Amino acid sequence: MMLRKAECLVTLGRLQEASQAISDLEGSFTARPTLATPQSQVLQKSLSRLKMKLQEKENLIETPPAVLSTACEEDMGLRERSEQIPSASSSVRLCTDPLKGRYLVATEDILPGQLLVREDAFVSVLNPGELPPLHHGLESEWDTRVTNGDLYCHRCLKRTLATVPCGGCSYAKYCSQECLQQAWHLYHSIECSVGGLLLTLGVFCHVALRSTLLARFEESGQVLKKLCGKIGNKDICLPESKNPMKKFPYDLGGESGENDKSIETPIPGCDTNGKYENNYNAVFNLLPHTENHSPEHKFVCALSVSALCKQLEESSMVEESSLQAPTTGLKSSKLEAAETPALCAELDIWGVAMLRHMLQLQCNAQAITTIQQTGSEERIVTDSRQVRLATAVFPVTSLLNHSCSPNTSVTFISTVACVRASQKIGKGQEILHCYGPHESRMAVAKRQQKLRSQYFFDCTCPACQNEKHRIGTGPRWEGFCCNRCRTPLQGSNVLSCGNTPCMESVRRDHLDSRLQDLQQQIGMAQKLLRKGQLEQAVPLLLGCQREAERFLCEEHTVMGEVEDNLAQAYAAAGDWQKSAAHLQKSLRVVELRHGPSSIEMGHELFKLAQVFFNGFAITEALSTIQKAEKVLLIHCGPWDDEIQELQKMKSCLLDLSPIPGGPSM
Ligand SMILES: [Zn+2]
Ligand SMILES: [Zn+2]
Ligand SMILES: [Zn+2]
Ligand SMILES: [Zn+2]
């Protein structure tokens, strides 16, 4: 009976009581050593098994993730903070160089998975209106689907089912009364009345406005005001000044003004003590690249900001005090208004600051992404995709330079960015992250073009240099192979087999049209899958698989896509073995393309773990969970959603595994 009690407590998660019950039980064993019957041996065995389970569960718990967004850095593994950059680890240092600008280097050897930067966004704005893809075949004309704006808190980005909407606009919605009040106090009291215009002008304009609203609460805001006041009305608005932004002082720390270089801090964005913090000063010093933007872009930015300023001015006149919006019914708004610094008094100054932020954002905006499950309820193998949840500015993360094969991974928990080493980084090496064009996702020419047009530089990372040398072959995941001997084909217009005795050659346009047909077929199969018509979808997909194997390289994206769809089809049909077999094939494609310890591999292993879990294949599930955890931990850390889900699966499987000979009726 005591063992049963302990078992129940473990299952309920009341671990302290459980461990008390276990030690009581052990006590009663030692008190009566005469119980050496086979029955009591079974009992002993069950007891030790239960103790293992308890320990396993205790390890899982530690700190609940809800506490985390506000938790201090010790929990997140930033063991020692850098004195120079408080939101970075002491393993990195900020350097500057006339060619590279500002960048971070390792001050010691860094291991994979080590947390290097953990910073809350200085500013973040939820991306509005992106509809999640259709499921359930809900394709009615009246579109009642929800957007991210309905699903996530507009302040902390927490996923929320029952939101608290702002009483003034009902567009801004929050997870709680606290978030609503904080947002009102910090920025929404002003944004509320211009919400429609902000949606029209776009998220960059919104980020620019919110940055300046947040700056009002900082010391540097005062500095900015002072500096702008000095030059603002005189210089900036003069028509003959061709490049007004250049006159905007970079150094906010120096009080002397007149470009006195001797008083300037050595690294822009740092305070007078050389400290680089996540504050408005750092944000203000991010490069606007004014000379690189097209005149059209600059014109649109300036027009947007002036439209916004005009409307802010009007709405502040209507409401007398821009900070009191009686319509919102916020009880505390009067109280807060008293201590909130005004914006509209120096609107022309803040307008200039906003324009600077608009220009900075093209290179410095960071998308806060999350993994959204897109599979419908009845599809058990979830299909996930990365969605851009918000646009934010992270002044420390912005210091990282780009590489097409970076040595870090960036993940997000609510509005906090975590940068982790994705591989070993030696002392003195530069810390690099990828601005988007990654070597395993884009061919070199396309990457270079994208980096040049959006970020204004020519990438010379090792990946780019290596790839340039083997022009003509193209990326492996777009490669064709020989019909006869499966060797990769080479060439531009006419492709020939790399295997000399084979002599096979094909025209590229022939292969391209074959690939197009194949992709069309896969699309049709996916439609059938969504409608649940498995009897038609499966044979169609099997046909695609055979066709793909005839002319595509084994790491070709489409190969993986076919296998992935087959895995989904079989999972929907309840055939776990076949589903797992196809998922393992798709896993191989992912491994060849992205590498065995890539984040993509982690997501795919997560899917496989789900299949095994739902198929009650306990041993396979446990070993896959372990593999997935290992990979995901490096990139995402312990509080990632997928890791949490894996741990829940693990604990559930441990509960499922029977206690041999345990007390049964
Ligand atoms: Zn919230
Ligand atoms: Zn509102
Ligand atoms: Zn590159
Ligand atoms: Zn051949």
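Modeller: Buried means under 20% relative accessible area here. By that rule Cys404 and Cys459 are both buried. The model is predicted.

Colleague: What does the chain look like overall, in helices and strands?

Modeller: The chain has 22 helices and 15 strands. Buried residues account for 48% of its 665 residues. Take the contacts between residues at least 6 apart in sequence: 65% of them join residues at least 24 apart.

Colleague: Back to Cys404 and Cys459. Which zinc ion do they coordinate?

Modeller: The zinc ion (ligand 3). Its donors are the SG atoms of Cys404, Cys459, Cys461 and Cys464, at 2.2 to 2.3 Å. A donor must lie within 2.8 Å of the metal, so these four sulfurs qualify.

Colleague: What makes the arrangement around the zinc ion (ligand 3) tetrahedral?

Modeller: The angles. Four donors count as tetrahedral if all angles lie between 85 and 135 degrees. Around the zinc ion (ligand 3) they are 104 to 114°, so the arrangement is tetrahedral. Along the chain the spacing of these donors is C-x54-C-x1-C-x2-C. Cys404 and Cys459 link distant parts of the chain, 55 residues apart. Cys404 sits in the loop between strand S9 (401–402) and strand S10 (408–413), and Cys459 in the loop between H14 and H15.

Colleague: Why are H14 and H15 called oblique to each other?

Modeller: Their axes come within 10 Å and cross at roughly 135°. Over 145 degrees would count as roughly antiparallel, and 65 to 115 as roughly perpendicular. Roughly 135° falls in neither class, so H14 and H15 are oblique. Their crossing is left-handed. On the H14 side, Val444, Arg447 and Gln448 make the contact. H15 supplies Ala463, Cys464, Glu467 and Lys468. Cys464 is also a donor to the zinc ion (ligand 3).

Colleague: How do you know that the zinc ion (ligand 4) has a tetrahedral arrangement?

Modeller: Use the range of 85 to 135 degrees again. The angles there run from 95 to 121°, so the zinc ion (ligand 4) passes as tetrahedral. Its protein donors are the SG atoms of Cys482, Cys485, Cys497 and Cys502, 2.3 to 2.4 Å away. They are spaced C-x2-C-x11-C-x4-C. The pair Cys482 and Cys497 links distant parts of the chain, 15 residues apart. Cys482 is in the loop between H15 and strand S13 (489–490); Cys497 is in strand S14 (residues 494–497). Both Cys482 and Cys497 are buried.

Colleague: What makes the zinc ion (ligand 1) tetrahedral?

Modeller: Its four donor atoms subtend angles of 104 to 114°. Tetrahedral needs 85 to 135 degrees, so the label holds for the zinc ion (ligand 1). The donors are Cys153, Cys156, Cys175 and Cys179, each through SG, at 2.3 Å. Their sequence spacing is C-x2-C-x18-C-x3-C. Cys153 and Cys175 are 22 residues apart and link distant parts of the chain. They are buried, both of them.

Colleague: Why is Gln545 called buried?

Modeller: The relative accessible area of Gln545 is 10%. The cut-off is under 20%, so Gln545 counts as buried. Gln545 belongs to helix H17 (residues 534–551). Beyond its neighbours within four places in sequence, Gln545 is in contact with Val562, Glu563, Leu566, His582 and Lys585.

Colleague: How do you know that Thr397 is buried?

Modeller: Thr397 has 2% relative accessibility, which is under 20%, so it is buried. Leaving aside neighbours within four places, its contacts include Val117, Glu119 and His433. Thr397 lies in the loop between strand S8 (384–393) and S9.

Colleague: What makes Ser170 partly exposed?

Modeller: Ser170 has a relative accessible area of 47%. Exposed needs over 50% and buried under 20%. The value for Ser170 lies in between, so partly exposed it is. Ser170 is in the loop between S5 and S6. It has a positive phi of about 60° although it is not a glycine.

Colleague: Why point out the sign of phi?

Modeller: Because most residues other than glycine have a negative phi. His289 is not a glycine either, and has a positive phi of about 50°.

Colleague: Why is His289 called buried?

Modeller: Its relative accessible area is 19%; the limit is under 20%, so His289 is buried. His289 sits in the loop between helix H10 (280–284) and helix H11 (295–318).

Terms used
Residues numbered from 1 in each chain as written. Chains lettered and ligands numbered in written order. Predicted model: local features only at pLDDT ≥ 70, side-chain atom pairs only at ≥ 80, totals over all residues. Heavy atoms only, no water. Donors = N, O, S within 2.8 Å, 3.2 Å for Na, K, Ca; no water. Tetrahedral: all angles 85-135°; square planar, octahedral: opposite > 155°, others 65-115°. Helix = DSSP H or I, 4+ residues; strand = E, 2+ residues; numbered from the N terminus. Buried < 20%, exposed > 50% of the residue type's maximum accessible area, 1.4 Å probe, protein only. Axes fitted to C-alpha atoms, helices over the stretch in contact; angles between N-to-C directions. Parallel < 35°, antiparallel > 145°, perpendicular 65-115°, else oblique. Left-handed = near helix turned anticlockwise from the far one by under 90°. Contact = heavy atoms within 4.5 Å.
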